[in-house]
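This report describes the architecture of one protein chain for a reader who is new to structural biology. Please keep the sequence and the three-dimensional view at hand while reading.

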Amino acid sequence: MSEAQELDQLRQQIDSLDQQIQDLINQRANCAQQVAEVKQKYASPGELVVFYRPEREAQVLRKVMERNQGPLPDEAMARLFREIMSQCLALEEPLQVAYLGPEGTFTQQAAVKHFGHAVQCRGQVSIADVFREVESGAANYGVVPVENSTEGVVTHTLDSFFDSNLQICGEVTLRIHHHLLVKADAEPVERIYSHAQSLGQCRRWLDQNYPNVERIAVSSNAEAARRASKEANAAAIASEAAAELYQLRIQAANIEDRPDNTTRFLIIGRQATTPSGDDKTSVLVSSRNQPGALYQVLEPFHKAGISLTRIETRPARSGTWNYVFFIDFEGHRHDASIAPLIDDLRDVALDFKWLGSYPKAVL
Ligand SMILES: C=C(O[C@@H]1C=C(C(=O)O)C=C[C@H]1O)C(=O)O
């Protein structure tokens, strides 16, 4: 057989497989539409029907990865299914997702990674605005950054939970690559704009390469890129997406000090999430600033044999020297082992608040 004949045969096979895949995807979409009808049928009058089910989506993605035989890698296959589910859910209900904008931020990338491309993403100017959009019902869900492996916690996000009744219904992590972006025509760089977190994540690189250039913190990396595209002698530290959006050139790529630089984002919504089988729970516990306070808060976890995944301390706004602990731990609020732990915590805490139980990030 000639090369042309062999290719022709294989391409016929691909065409036939594509047709089957397409038919199957539409059968799946049809099932999702029926799922929507069932959800509506069993809703009580006036009840808000919840179409998006993070626990089910996490289970679907985990199954895809478990049964995957290759040659496509598990994660690549899961990303394909992420998009299929996104389109299926859009047939049930087109979701509105508020994120910390503007367009081109890492938070927008995190939103797309978590929900897929079939949602309507709306950029907000602040973390408080993301909370407000979801609280008011203008958006179904919100996406906000919460911690970075190099720079630590995003305090605005944690503090927003003090006054909010929103629930955490998911988490997503993103590897963060920063680039130094400049305009196409080379000008000497006199100012570098970026978000304070990103300036911190590239501190060593900046000290080595631009020790005497002014670093200016702005509200987001995308805003930094916008300024660099407009002003003379300015550069920005931002993502590849921001470079494309503002037509900037990548002068130096991957300038983050730590190669494993990762940011974790939270998905916030108005409903609680049921167990997915591999979940995390976040709570807020406040205590008096007295000797042994942290020990008292941690002891119930040790007793219950529950692993903490994170603990952050913030000063409480009520009472000058009281502290609030933001604690993430493994398990779901409905797990049998959690109830006695919470009873013990309530005994030692001044205040206790559930922030949500949610599936651990799959992708
Ligand atoms: C189909 C459902 O609704 C949505 C779509 C899903 C999917 O396409 O698999 C999964 C969960 C929901 O977000 C469902 O609840 O099963």
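The sections below go from the whole protein to its domains, its ligand shell, two of its helices and some local backbone features.

## The protein as a whole

The structure is a predicted model. Its secondary structure comes to twelve helices and 15 strands. Taken along the principal axes, the C-alpha atoms fill a box of roughly 80 × 65 × 40 Å. The protein has 363 residues, and 36% of them count as buried. Of the contacts between residues at least 6 apart in sequence, 75% join residues at least 24 apart.

## Domains and the contact between two of them

The domain assignment gives domain 1 (17–31 + 50–174), domain 2 (179–260) and domain 3 (272–359). Between the C-alpha centres of domain 1 and domain 3 there is a distance of 25 Å. Where the two meet, 15 residues of domain 1 are in contact with 17 residues of domain 3.

Which elements supply the side of domain 1 that touches domain 3? Helix H2 (54–67), helix H6 (155–160) and strand E5 (167–175) each contribute at least two residues to that side. The most comes from E5, with five residues. By class, this side of domain 1 holds eight nonpolar, four polar and three charged residues.

## The shell around the ligand

The residues that surround the ligand are Ala 32, Val 35, Phe 51, Tyr 52, Arg 53, Arg 56, Glu 57, Val 60, Met 85, Cys 88, Leu 89 and Glu 92. Helix H1 (3–41), H2 and helix H3 (74–92) each supply at least two residues of this shell. H3 gives the most, with four residues. The shell is made up of eight nonpolar and four charged residues, with no polar ones.

## Helix H3

Helix H3 merits a closer look. It has 19 residues and reaches 27 Å from its first C-alpha to its last, close to the 27 Å expected at 1.5 Å a residue.

Which residues of H3 are buried? They are Arg 82, Met 85, Cys 88 and Leu 89. Seen down the axis of H3, the buried residues fall within an arc of 135°, so they line one face of the helix. A general property of helices is useful here: an α-helix has 3.6 residues a turn, so residues three or four places apart point the same way.

The buried residues of H3 pack against H1 and H2. On the face turned away from the buried side, H3 carries the exposed residues Ala 76 and Leu 80. Met 85, Cys 88 and Leu 89, which are buried in H3, also belong to the shell around the ligand.

## Helix H9

Helix H9 (residues 221–230) is mostly covered, with seven of its ten residues buried. The buried residues are Asn 221, Ala 222, Glu 223, Ala 224, Ala 225, Arg 226 and Ala 228. What covers them includes the helices H4, H7 (196–201) and H10, together with the strands E6 (179–182), E7 (191–194) and E9 (234–238).

## Local backbone features

As a general background, most residues other than glycine have a negative phi, and most peptide bonds are trans. The table lists four places that depart from these patterns.

| Place | Feature | Value |
|---|---|---|
| Gly 70 to Pro 71 | cis peptide bond | omega near 10° |
| Gly 101 to Pro 102 | cis peptide bond | omega near 0° |
| Gln 247 | positive phi, not a glycine | phi of about 50° |
| Asn 254 | positive phi, not a glycine | phi of about 50° |

Where do these residues lie in the chain? Pro 71 has its place in the loop between H2 and H3. Pro 102 lies in the loop between strand E1 (96–100) and helix H4 (106–115). Gln 247 is in the loop between helix H10 (240–245) and strand E10 (249–252), and Asn 254 is found in the loop between E10 and strand E11 (262–269).

Are Gln 247 and Asn 254 buried or exposed? Gln 247 is exposed, with 11 other C-beta atoms within 10 Å. Asn 254 is partly exposed, with 13 other C-beta atoms within 10 Å.

Notes: Residues are numbered from 1 along each chain as its sequence is written. This is a predicted model: local features need pLDDT of at least 70, side-chain atom pairs count only at pLDDT 80 or more; totals for chains, interfaces and linings use all residues. Domain bounds come from an automatic or database domain assignment. Two residues are in contact if their C-beta atoms, placed from the backbone, lie within 7 Å. Ala, Val, Leu, Ile, Met, Phe, Trp, Tyr, Cys and Pro count as nonpolar, Asp, Glu, Lys and Arg as charged, and the others, Gly among them, as polar. A residue is near a molecule or strand if its C-beta atom, placed from the backbone, lies within 6 Å of it. The expected span of a helix is 1.5 Å times one less than its number of residues. A residue is buried if 20 or more other C-beta atoms lie within 10 Å of its own, exposed if 12 or fewer, and partly exposed in between; C-beta atoms are placed from the backbone. The arc is that of the directions from the helix axis to the C-beta atoms.
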